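User: I want to go through the salt bridges here. Please justify each label you use.

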Amino acid sequence: MRKLALSDEILLSIEKPARYIGGEVNMRVKNPMDVDIRFCMCFPDVYEIGMSHLGIQILYDILNRREDTYCERVYSPWIDLDKLMRDKDIPLFALESQDPVKEFDFLGITLQYEMCYTNILQILELSQIPIYARDRSEDDPIVIGGGPCSYNPEPIADFFDFFYIGEGETSYDKILDLYKECKQSGKSRREYLEMVSQIEGMYVPALYDVEYNEDDTIKAFIKKYEKAPDKVKKQVEVNLSEAYYPTKPLVPFIKTTQDRVVLEIQRGCIRGCRFCQAGMVYRPTRERDLEYLKKCAYEMLNSTGHEEISLSSLSSSDYSQLQELVYFLIDEFGSKGVNISLPSLRIDAFSLDVMAKVQDVRKSSLTFAPEAGSQRLRNVINKGLTEEMILKGASDAFSSGWSRVKLYFMMGLPTETYEDVEGIAVLAEDIAREYYKLPKEQRQGRVSIVVSTAFFVPKPFTPFQWTRMDTPEEYIQKQQLLRKKINEQLNKKSIKFNWHEAELSELEGVLARGDRRLSKVIYDAYKAGCLYDSWSEHFKYDKWVKAFEDNAISMSFYNSRERAEDEIFPWDFIDAGVSKAFLLKEYKRAKNSSITPNCKQLCYNCGAKVFACGVCFNNQEQAGDQTLLIDNPGQDLTEVEHEG
Amino acid sequence: MRVRLKFQKYGPMKFIGHLDVLRYFQKAFRRAGIDSEYTTGFNPHQIISFAAPLGLGLTSDSEYVDIGLNSSEAPEIMINKINEFMSEGFYVTGFQMLEEPADNEKKVSAMSLVSSADYLVSLKDGYCLGLDINNIEKFNEVFSRFYDRTEITINKKTKKSSMLVNIKPMIRLVSFDESDYKNKLKELLLDLPTDKNNQSSYFIDAESKAEIYDNNIKIYMQLATGSVANLKPELVIEAFCNDNNIEYNPYAWQVHRLELYTHKDSMDKLIPLSRFNK
């Protein structure tokens, strides 16, 4: 029988012991003695969040297909276990074998959001691996980072041996084969890392140095190892249509945020919303093959026993064979007790028909994401939908039986004025009025509208990477203005207003566009007790502020400064396909409120064509108007909101 | 058709709570391709109910779950089919098709049938009860003295108040040795034919999955369980510890459920749930 790393007494005295025992359905079982390479894959957040992540499931599968490799998993121990492990000096262990992570060859950490950075240090420290890469010995695991935040890895560069820039499907074989060779020929850790830097897409931070100007901006990014590449090129799975997909995903015992089969139908997005990092770095848009997806859906439902399937993509309505896929799922599985959960869809006859088939209209709510309150500002962010489309969509939904609507907006977008902010309230009011245009007998009581605003955070590799971010004070002022405006309107009782915490977003902004000097701040904040920063109940703003002060680094340098057009950014060494020139052109178009057509309508030469795949090479037929987005409720509940 | 499954829960699976076990079985039945009956509506779910939820940390040889099926193959085939999809720590040992209730009878849930349960409570290794009773002979002697009292009162706490309860009548059997326990149990059981496998039910004689500890300090006990009277084994141990000035440490004891029983209307004799097909 599997032996557990933690004693009964510990497991019974902490919350949800099932987080730490492994043994889930579809867990891969191998004898560690029979493999050459032990790889531990980590999502630095609590189990329920980490287990819901698709990327890890894909990599887990790819790595375990290698006979010479055993890939296991680890997640952040929750606060309760964290304390016990420190008190009792228990090393962090992988779920499969329950062996200490420090005995592994690799520790791969996925970087999904900036606010998990202190959790990375927790993982390293509890694993008893030196936190700084420079302090690691030949016996310590090689620590790899990957995922969205690796598009600016500089704030955490000191903690990693190397970063994998781009999609994981392409290069792990090269990394592992090289490791085996190096091990057999007795090469050192340093020699291995130098050789890794020769693999396309790999960034070894120790091989570079940064020089700063007197004003703290970057003067130069300098190679310390002659053969290291000048630019690190993003890796792209060129043949996604039938790229391997894990048909036997892990099924956790406890309820996780994604307690369902997740089917990735395409990668990338043609829309080019100017605030969206995913929309830029996952270019070009690539679709998966319809017949392959049908087969995957069937196999995954069988192998997991899940009672729900959900489609994953940045904009599902743009998947060319969406109707056929959705009707197939409904016809094939609907009668077998499988719920079909729909991701973001444009509102049209098709989506309303599908929604009415798969969910109880009276109980569910629709989610619209206009993102900005005025047409001018929607043009600035290239969210090409008009007020007419929004109201028409809402009206159609109301006459189909819905009476609950959620609206997502961002505040603090570039060029935003008080009028734009008030526009949010006006739009919500207009939607409410659409509802009362329905004859009384068709209404389901009072309409319920929830307005949620997030604080806009500029991200690297977006047209807004140059822009100044609002200060928390400015954001809170806008928030209060909006609340006042909502309360002045006729339907104020039908409109609920939620907002995100300003301080958390402020820090996210700093870490998103930060440089190498921040690693010490992150380290100090962690040592002062910061952990699980993305959980608002654990976020300790004052400790972060102190860490910045102690290091004489100001947050406003990173957030509240319009960057010069020719400023060298910390992430400029990454070649993400999309060029800096294109992004700058887009930023200028944004300031003029000019819309840029989507990838299917017209190619604007963003640079992603170099990958020679996907939408760049498919015929660019006219894509339909971009109308509203509707979502299925209850998809991702990790974000914390305030009610007002 | 209603079917009663009997299963063992052991090893790391003792850390899976009751609601998660429910979810686990629903998914396992789907993986195994069992033709489950579903409720109707927008969120159809399988018809499934457990006899007596097992607390976190406890292991068991005899858990029971009633499920609704639209169709079924022979019991032996069904057991094998389900076990093929069970994780280590779950093992199905019984499959029994239940009699349809007559028109004038109500459906009885497994939960309402349960009247008592057998437990094996063992002291885990590495825990000390106090120097003078840390060997079996001494422990058995002290525990017997505790059990032989005419009244055992404990302070039972509810959300609002606490009251003194005599738990002695709810303890129906105590033994320290397996063969002695089995002999005593025989007296309490209704005499049933030994061959229990037939067209509508199939049982596997599986080894007990109770964890064994070197110190060998253990107690077999039968306790009232269910809606009429319910006594948790942990409460007995706590009372014993309090009575003997031993600090009660809930982590020091492994509780293992051996069997669940019901009894026919007026008769006092017990029937294991697996031998009762309603």
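Analyst: A search of the whole structure, over all chains, finds 70 salt bridges. This is a predicted model: local features need pLDDT of at least 70, side-chain atom pairs count only at pLDDT 80 or more, and totals for chains, interfaces and linings use all residues. Residues are numbered from 1 along each chain as its sequence is written, chains are lettered from A and ligands numbered from 1 in the order in which they are written, and side-chain values use heavy atoms, with hydrogens and water left out.

User: Why is the contact between B:Lys6 and B:Glu259 called a salt bridge?

Analyst: The term needs a side-chain nitrogen of Lys or Arg within 4 Å of a carboxyl oxygen of Asp or Glu. B:Lys6 and B:Glu259 meet at 3.3 Å, N to O, so the definition is met. B:Lys6 lies in strand E1 (residues 2–9) and B:Glu259 in strand E11 (residues 253–263) of chain B, 253 residues apart. Strands are DSSP runs of at least two residues, numbered from the N terminus.

User: Are B:Lys6 and B:Glu259 buried or exposed, and how do you know?

Analyst: Buried means under 20% relative accessible area, exposed over 50%, partly exposed in between (1.4 Å probe, protein chains only). B:Lys6 has 13%, so B:Lys6 is buried. B:Glu259 has 10%, so B:Glu259 is buried too.

User: What makes B:Glu73 partly exposed?

Analyst: Its relative accessible area is 36%, so B:Glu73 falls in the in-between class. B:Lys81, at 26%, is also partly exposed. The two side chains form a salt bridge at 2.7 Å, N to O.

Methods:
Helix = DSSP H or I, 4+ residues; strand = E, 2+ residues; numbered from the N terminus.
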